[in-house]
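Colleague: I'm new to reading protein models. Could you walk me through one?

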Amino acid sequence: IHLMRDRELTLRCLAEQDAPGVWVALCLDFDLAAQGDSLEDAKARLEVLLMEYVDDSMTGPDRDHAVTLLNRRSPGRYWLRYYWLVLMERWRGVREPRWFQETLPLTVAR
């Protein structure tokens, strides 16, 4: 018997200041974005959006399309930007808050 355990889903994200007082946080794995007044606000809004999106995809009326919804990715230019920021952080040794990972709990239905 193979027992399934609860797991976590780690998503790659990017945040940029679009204008003074306007931050945009983007989840590259699902191509979803949220806007906020600060970096922290944009990240918090994106986290809520991600949790709702995954829940709706798995249990909502579009659950028949979950595979498609949970496998849509951002365009390549955003991935290049994300990995550039990761590379620069490792090269400089300074943590940039503009790229981050969101972790969502995944539970097995019992």
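Modeller: Sure, we'll go through confidence, strands, cores and salt bridges.

Colleague: Where in the protein is confidence lowest, and where is it highest?

Modeller: This is a predicted model, in which local features need pLDDT of at least 70, side-chain atom pairs count only at pLDDT 80 or more, and totals for chains, interfaces and linings use all residues. Residues are numbered from 1 along each chain as its sequence is written, and side-chain values use heavy atoms, with hydrogens and water left out. pLDDT is the predictor's confidence in each residue, from 0 to 100. Here the protein's mean is 85, and 85% of its residues reach 70 or more. Confidence is lowest in β4, at a mean of 77, and highest in β3, at 97.

Colleague: Which way do the side chains of strand β3 point?

Modeller: Strands are DSSP runs (E, at least two residues), and helices are too (H or I, at least four), numbered from the N terminus. Buried means under 20% relative accessible area, exposed over 50%, partly exposed in between (1.4 Å probe, protein chains only). In β3 (residues 32-36) the side chains alternate: L32, A34 and G36 face one way and are buried, while A33 and Q35 face the other and are not.

Colleague: How many bridges join β2 to β3?

Modeller: Two strands pair if DSSP finds at least two bridges between them. For β2 (residues 22-27) and β3 there are 5, and the strands run antiparallel. A25, for instance, has A34 as its bridge partner, and L26 has A33.

Colleague: Which residues have the most contacts inside the largest nonpolar core?

Modeller: In soluble globular proteins, nonpolar side chains tend to be buried together. A nonpolar core is a set of buried Ala, Val, Leu, Ile, Met, Phe, Trp, Tyr and Cys residues joined through side-chain atoms within 4.5 Å. The largest one here has 19 residues, and C27, F30, L46 and L50 have the most contacts inside it. Helix α1 (39-59) is among the elements giving two or more residues to this core, and its 6 residues are the largest share.

Colleague: Last one: what does the salt bridge of R12 and D29 tie together?

Modeller: A salt bridge is a side-chain nitrogen of Lys or Arg within 4 Å of a carboxyl oxygen of Asp or Glu. By that rule the count is 3. In one of them, R12 and D29 meet at 2.5 Å, N to O. R12 is in strand β1 and D29 in the loop between β2 and β3, so the pair ties together parts 17 residues apart in sequence. R12 is partly exposed, at 26% relative accessible area, whereas D29 is buried, at 4%.
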